[in-house]
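Open the model in your viewer and keep the selection tool at hand. The tour goes from stop to stop.

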Amino acid sequence: VEAVHLIADGKAPRIPQPKEGATYEGIQKKENAEISWDQPAAALHNWIRGHDKVPGAWTTINGQVVTFYGSSLLDASVPAGQELTIEGASRPGLVTKNGLVIFGNDGKMVLVRNLQFEDGKMIPASKYFSADETTALELTEEEKKIAEDIR
């Protein structure tokens, strides 16, 4: 009650906050979120999840910065998938039907579900090798008639 009265009377002491340590903005810079691959799987998972969504943990794949989102530890046998070379990683990742499997230096696995490219395009990690493929939608005659009716 006394503190409220001091504030109401304009007599409360004012202690300026020091500038050092006053914000987390310095931590949340993209250049500080690069993935260091010489770590166990649990540390990789924590790093990716800790930077999910801002600023996003990233690495370089085929000369392009790729940001990882949505990781989970994977405690199973190594799944089947297409190998993906990741710069700095001791072992290639695997693009599987569930996402991108990456390996820690302890041999354990982390599953990453989404990837974002430098141009801002985000895709499911499982679609990495089919990201550039586009297919045209072809309608049957019946579907064309329905589309025309809707128009």
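Two strands count as paired if DSSP finds at least two bridges between them. Keep in mind that this is a predicted model.

**Stop 1: the annotated span.** Select residues 29–130. UniProt, in an unreviewed entry, places the feature "domain: Formyl transferase C-terminal" there. The C-alpha atoms at the two ends of residues 29–130 are 30 Å apart. Helix makes up 10% of the span and strand 39%.

**Stop 2: strands E1 and E2.** Select residues 57–61, strand E1, and add residues 64–74, strand E2. The two run antiparallel and pair over five bridges. Now pick Thr59: across from Thr59, in E2, stands Val66. Move on to the turn. E1 and E2 form a hairpin, with two residues between the strands. Asn62 sits in that turn and has a positive phi of about 55 degrees.

**Stop 3: the side chains of E1.** Show side chains on residues 57–61. In a regular strand, side chains alternate between the two faces of the sheet. Which residues of E1 point one way, and which the other way? Ala57, Thr59 and Ile61 take one side; Trp58 and Thr60 take the other. Buried or exposed? Five of the five residues in E1 are buried, so the strand is mostly covered, with buried meaning under 20% relative accessible area.

**Stop 4: charged pairs.** Side chains of opposite charge can pair when their charged atoms come close. The model has four salt bridges by the rule of a Lys or Arg side-chain nitrogen within 4 Å of an Asp or Glu carboxyl oxygen. Three of them follow.

- Select Arg49 and Asp52. Their side chains meet in a salt bridge, 3.0 Å from N to O. Asp52 is partly exposed at 24% relative accessible area. Arg49 is partly exposed too, at 43%.
- Go to helix H3, residues 141–150. Select Glu141 and Lys144, which form a salt bridge with closest N and O atoms 3.6 Å apart. Both lie in H3, three residues apart, about one turn of the helix. Glu141 is exposed, with a relative accessible area of 61%. Lys144 is partly exposed at 42%.
- Finish with Glu148 and Arg151. This salt bridge has its closest N and O atoms 3.2 Å apart. Glu148 counts as partly exposed, at 49% relative accessibility. Arg151 is exposed, at 76% relative accessible area.

Conventions: Residues are numbered from 1 along each chain as its sequence is written. This is a predicted model: local features need pLDDT of at least 70, side-chain atom pairs count only at pLDDT 80 or more; totals for chains, interfaces and linings use all residues. Side-chain values use heavy atoms; hydrogens and water are left out. Buried means under 20% relative accessible area, exposed over 50%, partly exposed in between (1.4 Å probe, protein chains only). Helices (H or I, at least four residues) and strands (E, at least two) are DSSP runs, numbered from the N terminus. UniProt positions are given in the numbering used here, feature names are shortened, and annotations may be inferred rather than shown by experiment.
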